Number of protein chains: 2
Amino acid sequence: MTAYCSFGNRSHLSLHLPAFANLTEADREILDTVLNRRVRVLPPRHDIIREGDRPGHVCFILDGWAQRYKQLADGRRQILSFFVAGDLCDANVFIPCAMDHSLSTITQVQLAEVAKPDLRELAEAIPRVGEALRRTEQVAIAIQREWTTSIGQRTAYERIAHLFCEMFMRLRDGGATQGDTCDFPLTQSDIADATGLTQVHVNRTIQEMRRDGLIELRNRQLTMHDLDRLMAVALFNPHYLHLDPAESQHQPV
Amino acid sequence: MTAYCSFGNRSHLSLHLPAFANLTEADREILDTVLNRRVRVLPPRHDIIREGDRPGHVCFILDGWAQRYKQLADGRRQILSFFVAGDLCDANVFIPCAMDHSLSTITQVQLAEVAKPDLRELAEAIPRVGEALRRTEQVAIAIQREWTTSIGQRTAYERIAHLFCEMFMRLRDGGATQGDTCDFPLTQSDIADATGLTQVHVNRTIQEMRRDGLIELRNRQLTMHDLDRLMAVALFNPHYLHLDPAESQHQPV
DNA sequence: CGGCGAGTTGAGAGCAATCAAACCTAGTGG
DNA sequence: CCACTAGGTTTGATTGCTCTCAACTCGCCG
């Protein structure tokens with residue numbers, strides 16, 4: 001089920017991580033080396049880490065989509081976040097403790113496993129790497145807060161619109177969009193589990209969104225016909241994603 | 001509105017922080033000194049930090065209840081977490097960036113403001129303090145995930161029951177319970193904003209919970225008549241709180 | 001006494017869930 | 001080449017949990 005391999009053509013992976021934008025060439029090469037040490041390819045819908053595990057490594061998503069989810073005792077499932085290329089799953093490098101949730105792939109995923117001690121060393125040796133890790137983690141937390149807000153306060157229509165906006169912005173930031181289109185491999189059931197809705201209601205809501213001329217979603221391809229209007233109806237404020245690389249300087253609130 | 005003072009009778013504050021349980025006496029005294037450097041008392045329902053701010057310090061709650069919340073453009077409000085004595089608000093010591101949410105008091109709050117550089121130094125000088133900070137932060141994130149799950153998957157009854165369980169366990173861990181009773185200063189509107197329900201529905205749901213003999217909530221006092229049963233109906237799994245001090249060793253899953 | 005915050009109650013409406021079935025498409029195997 | 005299957009999407013009918021709006025109670029305080 002699992003393949004280990006090394007990809008010569010994936011040099012400068014870290015170039016794709018906006019968080020690492022201001023590393024030197026030399027630093028970037030060290031980082032790439034560490035990331036290439038152990039690369040795996042996992043099939044779709046496959047567990048990466050299960051609740052209760054105590055993984056000794058963290059995972060960088062190199063390609064594909066993955067998810068973090070939590071299951072209640074009676075089977076109800078909540079997706080807590082999605083991971084795409086460039087994302088770090090669980091940057092908790094310092095505190096070893098049992099996972100209180102699970103990670104699994106959505107599509108086929110290519111990921112780099114980095115031993116926690118290695119990453120810790122790296123973070124200490126290259127301060128900018130440590131900073132990048134912490135920033136990545138802060139963004140993940142901010143996203144989690146926004147999801148709580150979304151599920152707690154937004155309507156079904158707004159929630160789904162918000163999810164579309166967030167994923168599109170994140171993908172665009174990682175250079176994974178083509179114009180107003182991007183890959184979007186989630187099923188309507190996935191969207192339902194992420195937004196706290198039922199699959200049937202997600203279906204009807206997306207149809208409505210299509211009729212409103214906001215988006216198109218077919219064959220795992222999402223097209224944003226009117227991003228501005230979608231952001232408006234979603235009450236989407238991109239601030240929480242901290243995408244602006246120069247954010248430390250100015251702040252548009 | 002704000003009073004600065006020093007409390008001689010609050011020595012060994014850090015004793016109350018389970019996270020700091022395994023510090024030496026000497027370390028604890030240093031920590032106490034830092035925490036006592038700048039102590040404020042804020043009135044109820046008062047902003048501590050507003051969205052957009054770039055605070056140069058973090059806040060330790062010494063006494064009282066506070067909350068983290070987020071407001072949508074149209075005024076809808078989601079409470080993201082509650083803070084009680086011993087909690088650290090926003091342990092983001094390393095990455096300076098604008099707040100994407102706000103903090104405010106619920107009751108009168110006594111808090112210690114610690115300059116981020118000071119805390120950073122302290123964390124580097126005393127490894128255990130750094131570890132405690134990271135652990136505290138990890139718990140906060142785990143709670144956030146659980147809240148997302150709660151709002152997304154649990155019914156109104158289960159959500160409120162879950163909140164009661166969580167706060168009771170956290171308070172008990174901090175030594176702030178008396179038997180099966182604890183202070184519980186949240187109004188029904190607060191509970192509504194935290195659970196994504198309306199105040200009216202919270203009212204009816206709590207009445208039902210009372211009729212079921214599970215809890216009593218009067219005069220800001222919460223009594224758990226049957227904690228086990230409440231945990232069961234809430235599908236409450238305390239694991240995510242990482243309260244077990246020896247958790248690093250064994251794991252009951 | 002008046003006003004305010006918090007809690008309670010009632011009636012009605014609506015958003016989203018549930019249950020069930022049909023459809024569609026791609027992949028499989030005979 | 002075509003049934004057959006499975007996963008995903010769509011549709012319809014119905015139910016119900018939760019919201020909305022509104023009024024009323026109670027205790028407290030200036």
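This is a short talk on how chain A and chain B meet in a predicted model.

Let's start with the extent of the contact. Chain B puts in 50 residues, and chain A puts in 50 residues. People often quote the size of an interface as the accessible area lost when the parts come together. Here, the area buried between chain B and chain A is about 4,200 Å². Carbon and sulfur atoms give 58% of that area.

Next, the polar side. Between chain B and chain A there are six salt bridges. One of them pairs Lys70(A) with Glu146(B). Their closest N and O atoms sit 2.6 Å apart. Residue pairs in polar contact across the interface number 17, counting pairs with both residues at pLDDT 80 or more.

Which elements of chain B supply at least two residues each to the side that touches chain A? They are β5 (66-71), β6 (77-83) and α3 (127-153). Of these, look at α3(B). The largest share of that side of chain B comes from α3(B), with 16 residues. By class, the side of chain B that touches chain A has 18 charged, 17 polar and 15 nonpolar residues.

Now the symmetry. Turn chain B by 180 degrees, with a shift of 0.0 Å along the axis, and it lies on chain A with an RMSD of 0.0 Å. So the two copies are related as by a two-fold rotation axis. In chain B, the C-alpha nearest that axis belongs to Thr148(B), at 2.4 Å. Both copies use the same surface: 100% of the contact residues of chain B recur in chain A.

Notes
Residues are numbered from 1 along each chain as its sequence is written. Chains are lettered from A and ligands numbered from 1 in the order in which they are written. This is a predicted model: local features need pLDDT of at least 70, side-chain atom pairs count only at pLDDT 80 or more; totals for chains, interfaces and linings use all residues. Side-chain values use heavy atoms; hydrogens and water are left out. Contact means heavy atoms within 4.5 Å. Buried area is the accessible area (1.4 Å probe) that two parts lose on being put together, summed over both. A salt bridge is a side-chain nitrogen of Lys or Arg within 4 Å of a carboxyl oxygen of Asp or Glu. A polar contact is a pair of N or O atoms within 3.5 Å; within protein, one must be able to donate a hydrogen and the other to accept it, and residues adjacent in sequence count only if both atoms are side-chain atoms. Helices (H or I, at least four residues) and strands (E, at least two) are DSSP runs, numbered from the N terminus. Ala, Val, Leu, Ile, Met, Phe, Trp, Tyr, Cys and Pro count as nonpolar, Asp, Glu, Lys and Arg as charged, and the others, Gly among them, as polar. Copies are superposed by least squares on the C-alpha atoms of residues with pLDDT of at least 70 in both.
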